[in-house]
Amino acid sequence: MKIDSHERKIERESPPPPPPRRCASRGDFVSCRHGRRSSPADRTPEAILDMSAAIMSEETKMETAPFDPRFPNQNQTRYCYQSFVDFNRCQKIKGEDYEPCEYFKKVYTTICPNSWIEKWTDQIENGIFPGKI
Amino acid sequence: MPTWGHLGLQDSASPLMEQLIFFHDHAMVVLILITTLVGYMMSTLFFNTFTNRFLLEGQTIEIVWTVLPALILIFIALPSLRLLYLLDEVNNPSVTLKTIGHQWYWSYEYSDFLQVEFDSYMIPSNELPEDGFRLLDVDNRTVLPMNTQIRVLISAADVIHSWTVPALGVKADAIPGRLNQVSFLMNRPGLFYGQCSEICGANHSFMPIVIESVSVNSFLNWISSSSEA
């Protein structure tokens with residue numbers, strides 16, 4: 001199941017497309033090669049590395065729940081629980097369609113073990129969740 | 001790579017583990033020097049036939065053999081503290097992996113963008129191929145991208161286990177109801193092995209961990225094909 005997130009930059013179900021022929025707009029890795037056909041210079045090891053770096057910088061921005069200074073130590077249990085509770089509280093106060101609440105959902109989906117999420121979701125549906133929402 | 005008769009630490013696959021190995025080697029040199037010096041002094045004293053009936057105070061030597069050890073300890077403490085704080089640095093991970101210990105296997109969850117979940121059981125010795133590693137190989141390896149900061153959240157479903165990969169210098173207990181975080185970066189591709197490190201029942205020795213370090217693109221291909229499967 002895919003999780004939709006406005007922060008996610010990867011949308012892939014198939015291998016990456018072949019490298020673009022024009023220069024990538026993300027600066028650092030690739031020098032511009034507008035208007036040139038493929039020449040022996042493009043097939044040097046450096047050029048190939050540049051191209052693959054361009055593919056990587058264009059498509060691979062992997063993002064995960066960020067470091068939260070409220071929970072700086074090894075024990076992240078509270079980060080998981082707090083994000084879950086904050087999401088439910090946010091939904092309750094702001095309504096189901098309020099998009100910024102999705103940040104909490106993204107965090108707890110990433111951090112919390114799936115079994116915990118299922119258990120708590122069932123508890124909320126049955127009205128027996130021990131936390132205050 | 002763990003091999004038979006391996007005496008020292010495994011080759012590192014992570015910059016932090018590299019630093020731990022350097023510190024270990026440094027402390028080991030100091031220890032060997034001290035042991036050699038003391039051993040030499042003891043052996044010369046043992047075979048010495050001179051006698052001094054009036055050996056009493058020796059203020060200078062007392063000062064020397066108090067200050068010198070203090071200096072040696074400072075030489076050990078400074079790199080140790082540097083490394084201690086280095087290990088606790090805040091870093092921003094790009095990938096999060098959740099691992100849950102069960103009796104007697106690990107389950108892994110990748111929930112960052114696509115939901116991927118699988119169990120990782122040890123391959124029994126009687127089903128092992130000729131070139132397999134006994135008690136170390138698993139059916140589903142944990143694939144992770146190299147040169148990426150990775151956060152691993154460790155927990156357990158039943159009893160206490162412990163998740164470790166020595167080549168990466170990480171170990172943390174897997175405790176039911178608690179989520180322990182470790183962080184690492186792999187700087188080379190390859191397979192890195194670990195074993196459960198907290199007694200958890202009959203098959204405690206038979207629930208290993210295998211991390212497969214691959215390029216970022218291979219990881220993304222693997223994760224998208226795993227989520228479809």
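For the charge count that I use in a moment, Lys and Arg are taken as positive and Asp and Glu as negative, while His and the chain ends are left out. Please keep in mind throughout that what you see above is a predicted model. With that convention, chain B carries 9 positive and 21 negative charges, and the mean positions of these two sets lie 7 Å apart.

Let me begin with the two chains as wholes. Chain A has four helices and zero strands, so that there is little to say about its order, which from the N terminus on reads α-α-α-α. Of its 133 residues, 38% are buried, and among its contacts with a separation of 6 or more, 57% join residues that are 24 or more positions apart. The area that chain A exposes is about 8800 Å², with carbon and sulfur atoms supplying 53% of it.

Chain B, by contrast, has three helices and ten strands, and along the sequence these follow the pattern α-α-β-β-β-β-β-β-β-β-β-β-α. Its radius of gyration is 24 Å, well over the 17 Å that the globule rule gives for 229 residues, and chain B is therefore more spread out than a compact globule. The C-alpha trace spans about 85 × 40 × 35 Å along its principal axes. Buried residues account for 39% of the 229 in chain B, and residues 24 or more positions apart make up 64% of its contacts with a separation of 6 or more. Chain B exposes about 13100 Å², of which carbon and sulfur atoms supply 63%.

I would now like to go into the strands of chain B, beginning with S1(B). How many of the eight residues of S1(B) are buried? Eight of the eight are, and S1(B) is therefore largely enclosed by the rest of the structure. In a regular strand the side chains alternate between the two faces of the sheet. In S1(B) both faces are covered, with Val95(B), Leu97(B), Thr99(B) and Gly101(B) buried on one side and Thr96(B), Lys98(B), Ile100(B) and His102(B) buried on the other.

As for the partners of this strand, S1(B) runs parallel to S5(B), to which seven bridges join it, and within that pairing Ile100(B) has Ser155(B) as its bridge partner. S1(B) runs antiparallel to S2(B), with five bridges between them, and here Lys98(B) stands opposite Glu109(B). S1(B) and S2(B) form a hairpin with two residues between them. The loop of that hairpin holds Trp104(B), and the peptide bond that leads into Trp104(B) from Gln103(B) is cis, with omega near 5°.

Moving one strand further, S2(B), residues 105-110, pairs with S3(B) in the antiparallel sense over five bridges, and these two also form a hairpin, with five residues between them. Glu109(B), which we have just met opposite Lys98(B), stands opposite Glu117(B) in S3(B). Which face of S3(B) is covered, and which is uncovered? Val116(B), Phe118(B) and Ser120(B) form the covered face of this strand, residues 116-120, whereas Glu117(B) and Asp119(B) form the uncovered one.

Next come some loop residues that deserve a look in the viewer. Most residues other than glycine have a negative phi, and most peptide bonds are trans. Leu135(B), in the loop between S3 and S4 of chain B, has a positive phi of about 65° although it is not a glycine. At 18% relative accessibility, which is under the 20% cut-off, Leu135(B) counts as buried. Asn147(B), in the loop between S4 and S5 of chain B, also has a positive phi, near 55°, without being a glycine.

I finish with Thr148(B), which is placed in the loop between S4 and S5 of chain B. Is Thr148(B) buried or exposed? Its relative accessibility is 5%, and it therefore counts as buried. Leaving aside its neighbours within four places in sequence, Thr148(B) is in contact with Met62(A) from the other chain, and within chain B with Ser94(B), Val95(B), Phe184(B), Leu185(B), Met186(B) and Val216(B). One of these, Val95(B), we have already seen among the buried residues of S1(B). Finally, Thr148(B) and Ser215(B) are 67 residues apart in sequence, while their C-alpha atoms are 9.5 Å apart in space.

Methods:
Residues are numbered from 1 along each chain as its sequence is written. Chains are lettered from A and ligands numbered from 1 in the order in which they are written. This is a predicted model: local features need pLDDT of at least 70, side-chain atom pairs count only at pLDDT 80 or more; totals for chains, interfaces and linings use all residues. Side-chain values use heavy atoms; hydrogens and water are left out. The radius of gyration is taken over C-alpha atoms; the globule rule is 2.2 Å times the number of residues to the power 0.38. Buried means under 20% relative accessible area, exposed over 50%, partly exposed in between (1.4 Å probe, protein chains only). Contact means heavy atoms within 4.5 Å. Accessible areas come from the Shrake-Rupley method with a 1.4 Å probe; for residues, only the protein chains shown count as cover. The place of a charge is taken as NZ of Lys, CZ of Arg, CG of Asp or CD of Glu. Two strands pair if DSSP finds at least two bridges between them.
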